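Student: Could we go through this one together, a piece at a time? I'd like to see how each answer is reached.

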Amino acid sequence: MIRAFLFDLDGVLTDTSEFHYLGWKRLADELGLSFDRQKNEALRGVSRRESLLLLLNGRPATEEEMNEWMERKNRYYIEYVSRMTPENLLPGALELLKELHQAGYKVAIVSSSKNTPLVLERLQIGEWLDAVVDGNAAARSKPAPDLFLLAAERLGVSPEECLVVEDAEAGIAAGKAAGMCTLGLGPSERVGSADYQLPDLAGVTLGRLRELIPDL
């Protein structure tokens, strides 16, 4: 039976994915690289370094240059995130977090982003969470299972007792590699490999999830 929910942050509970896109687009324009929303889809759920490599698309760069570019993009992202408020939570997110907490489920945020603490501070949802695992917590990010396995350990549950809620292909792959049940949010071309699928969390209640997922 499922005892814990492991939520990705970007694109699941809040739309910081748009801020990531704006940051990478700004950097790409400065470097003279071609980048648009379609190419940005490949960056969903992966680490900052992997995102930069995808952005460069084979363009040679020194380690010093890559570190400077990653730091520059991160400064742009923090500019956008610093303006966030609880109103930036996506529809249905806060209501579901409260319902899960009150029903006794363990709830964790599992994000590849190293800025997760700042985002959570701006969203003010800490009281509904039992654990936070971000890109600072493990050497390998999604699609490796490390972050999800660490979250299960911190929550005191087995991987088989966890439901991963993700909007990115890399996140779904990571959840499956961890031996967890997966719920994909978004179009099939992105999350079609998930065990279960919904368009988003708008109007999603625990009752609706129990109808969809028998092990709840």
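Student: Let's begin at a helix end: which residue follows α1, and what is the sign of its phi?

Tutor: Helices here are DSSP runs of H or I with at least four residues, strands are E runs of at least two, and both are numbered from the N terminus. This is a predicted model, where local features need pLDDT of at least 70, side-chain atom pairs count only at pLDDT 80 or more, and totals for chains, interfaces and linings use all residues. Residues are numbered from 1 along each chain as its sequence is written, and side-chain values use heavy atoms, with hydrogens and water left out. Right after α1 comes Gly-32, and its phi, near 75°, is positive.

Student: How far apart are the end C-alpha atoms of α1, and what span should its 16 residues have?

Tutor: The expected span is 1.5 Å times one less than the number of residues in the helix. For the 16 residues of α1 that gives 22 Å, which agrees with the end C-alpha atoms being 23 Å apart.

Student: Which elements cover the buried residues of α1?

Tutor: Buried means under 20% relative accessible area, exposed means over 50%, and partly exposed is in between (1.4 Å probe, protein chains only). In α1 the buried residues include Phe-19, Tyr-21, Trp-24 and Leu-27. Contact means heavy atoms within 4.5 Å. The cover over the buried residues of α1 includes α2, α3 (48-56), α4 and α6 (116-123).

Student: On to charges: how many salt bridges are there?

Tutor: Side chains of opposite charge can pair when their charged atoms come close. The rule asks for a side-chain nitrogen of Lys or Arg within 4 Å of a carboxyl oxygen of Asp or Glu. By that rule, the count of salt bridges is 14.

Student: Asp-8 and Lys-142 meet in a salt bridge, so what sequence separation does the pair tie together?

Tutor: Their side chains meet at 3.3 Å, N to O. Asp-8 sits in the loop between β1 (4-7) and α1 (16-31), while Lys-142 sits in the loop between β3 (131-133) and α7 (146-155), so the parts tied together are 134 residues apart in sequence.

Student: Are Asp-8 and Lys-142 buried or exposed?

Tutor: Asp-8 has a relative accessible area of 4%. Lys-142 also comes out at 4%. That makes Asp-8 buried, and Lys-142 is likewise buried.

Student: Which helices does the salt bridge of Arg-37 and Glu-18 tie together?

Tutor: The N to O distance for Arg-37 and Glu-18 is 2.9 Å. The two residues are 19 apart in sequence, with Arg-37 in α2 (residues 37-40) and Glu-18 in α1, so the pair ties together α2 and α1.

Student: And in which helix do Arg-72 and Glu-68 lie?

Tutor: Their side chains form a salt bridge at 2.9 Å, N to O. Arg-72 is buried at 17%, whereas Glu-68 is partly exposed at 33%. They are four residues apart, about one turn of the helix, and both lie in α4 (residues 63-81).

Student: Last one: how many disulfides does a search of the whole structure find?

Tutor: A disulfide needs a pair of cysteine sulfur atoms within 2.5 Å. For Cys-162, the nearest cysteine sulfur is that of Cys-181, 10 Å away. Cys-162 is buried, with a relative accessible area of 0%. The number of disulfides found in the whole structure is zero.
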